[in-house]
Amino acid sequence: MDSLDRKILAELQRDGRLSLTDLAERVGLSLSPCHRRLRALEESGAISGYRAQLDAEALGLTFEALVFVTMRDGDRDTVAAFETAVANVANILRAQRLFGDPDYLLQVVARDIRDFQRLYDEQLSALPGVQRLSSTLVMKNVVENQPLPL
């Protein structure tokens, strides 16, 4: 990956809807070489996909919490079952396995505190292998959707 590839990636992180023509112009390439580089970046996995960035608040998801999960057991089957179940809960935006205690950190959105309580009681506490959940409320997002450093 060279500086031109990094420029392509930076431009696409800023605006994933750029036309190929606009992208080529912004990075100083003609259309064909830019297209070849873009395809190579996609095929290498450096670009894993394209999607719209949605505003949770505009969609009525105004409540955000971080949920810390401590597992009862750390065996392979329990971890796999938990991770599969977590991936199927729509309100979980991000799930990260951690070193140490707690075992997982979940970023969760909901419409309001009642919606979060229902989610917590009915879905999160029922996840396989969960020993303990604790949560903290997000007061304010200071940095989000930051482009990756290139």
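Select Arg-111 and Asp-115 to begin: in this predicted model, their side chains form a salt bridge with an N to O distance of 3.5 Å. Colour Asp-115 by accessibility, and it proves to be buried, at a relative accessible area of 5%.

Extend the selection to Arg-118 and Glu-122. A salt bridge joins these two side chains as well, at 4.0 Å from N to O. Both residues belong to helix α5 (residues 113–124), where a spacing of 4 residues sets them about one helical turn apart. Glu-122 is exposed, with a relative accessible area of 52%, whereas Arg-118 is partly exposed at 33%. Display the four residues together: Arg-111, Asp-115, Arg-118 and Glu-122 are linked in a network of salt bridges.

Move next to helix α3 (residues 31–44) and select Arg-39 and Glu-42, which lie 3 residues apart, or about one helical turn. Their side chains meet in a salt bridge of 2.8 Å, N to O. Arg-39 is partly exposed, with 41% relative accessibility, and Glu-42 is likewise classed as partly exposed, at 23%.

The last stop is Asp-5, in helix α1 (residues 3–14). Is this residue, Asp-5, buried or exposed? Its relative accessible area is 11%, so Asp-5 counts as buried. Show its surroundings: leaving aside residues up to four places away in sequence, Asp-5 touches Arg-37 and Leu-41.

To complete the tour, display the salt bridges throughout the model; a search of the whole structure finds 9.

Note on methods:
Residues numbered from 1 in each chain as written. Predicted model: local features only at pLDDT ≥ 70, side-chain atom pairs only at ≥ 80, totals over all residues. Heavy atoms only, no water. Helix = DSSP H or I, 4+ residues; strand = E, 2+ residues; numbered from the N terminus. Buried < 20%, exposed > 50% of the residue type's maximum accessible area, 1.4 Å probe, protein only. Contact = heavy atoms within 4.5 Å.
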